[in-house]
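Thank you all for coming. I would like to walk through one model this morning, going from the whole chain down to single residues.

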Amino acid sequence: MPLRANDLRPPEGATRNRKRIGRGNAAGGGTYAGKGLKGQKARSGNDLRPGFEGGQMSLIRKLARKPGFRNPFRIEYTAINVGALADRFPAGATVEPAALVAARLLKRADEPFKVLADGDVGHALTVRAPKVSAAARRKIEAAGGTIEELNAASPDGAESN
């Protein structure tokens, strides 16, 4: 027989009845009726909304002062210009993440980066990068180099290698 969600029950002793406060000492909830001693929350008609912090500016009002939307899935690319590649790599070199770390243009080999077109490249380079701008692609190919995109996302959202 299959187990279904409507057959599930909590283990014996796991659930307890709600404590009915303010029903006298014999019921275990008399004297101060579970409200402690005096104060705003001990009085009848206690009407504090959730998040009330006694008059100081509440957290929800503090957060409202920070404008804008922050996309948690945004990928920050490190910019690397073709001029920097031309300065640090000789003709015919293969520019890949490990080589960029060795050249101190990147901190980590798995860091996302994009090759941009600032500067000039006078010799052929083989560039393996996740992203390359159109102008940088033109400059590298005009110098006789080639470009191979790593983990480039296709227009339909699926990744390819």
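What radius of gyration does the protein chain have, and what would a compact globule of 161 residues have? The protein chain has 33 Å, whereas a compact globule of 161 residues would have a value near 15 Å; the radius is taken over C-alpha atoms, and the globule rule is 2.2 Å times the number of residues to the power 0.38. Along the principal axes, the C-alpha trace spans about 95 × 60 × 30 Å.

Before going further, please keep in mind that this is a predicted model, in which local features need pLDDT of at least 70 and side-chain atom pairs count only at pLDDT 80 or more, while totals for chains, interfaces and linings use all residues. Residues are numbered from 1 along each chain as its sequence is written, and side-chain values use heavy atoms, with hydrogens and water left out.

The secondary structure comes to four helices and six strands, running α-β-α-β-α-β-β-β-α-β from the N terminus; here helices (H or I, at least four residues) and strands (E, at least two) are DSSP runs, numbered from the N terminus. Buried residues, meaning those under 20% relative accessible area with a 1.4 Å probe and protein chains only, make up 22% of the 161 residues.

Let me turn to the interior. The largest nonpolar core, a set of buried Ala, Val, Leu, Ile, Met, Phe, Trp, Tyr and Cys residues joined through side-chain atoms within 4.5 Å, has 24 residues, of which Leu85, Phe89, Leu100, Val115, Leu125 and Val127 touch the most other members. Two or more residues come from each of helix 2 (82-88), helix 3 (97-102), strand 3 (113-116), strand 4 (126-129) and helix 4 (134-142), and helix 2 gives the most, with four residues. Taking contact as heavy atoms within 4.5 Å, and leaving aside neighbours within four places in sequence, Val127 is in contact with Leu85, Val95, Val115, Ile140, Thr146, Ile147 and Glu148.

Finally, a word on the backbone. Most residues other than glycine have a negative phi. Lysine 38, in the segment before helix 1 (59-63), nevertheless has a positive phi of about 40 degrees, and at 64% relative accessibility lysine 38 counts as exposed, the cut-off being over 50%. Arginine 104, in the loop between helix 3 and strand 3, has a positive phi near 65 degrees, and arginine 104 also counts as exposed, at 74% relative accessibility.
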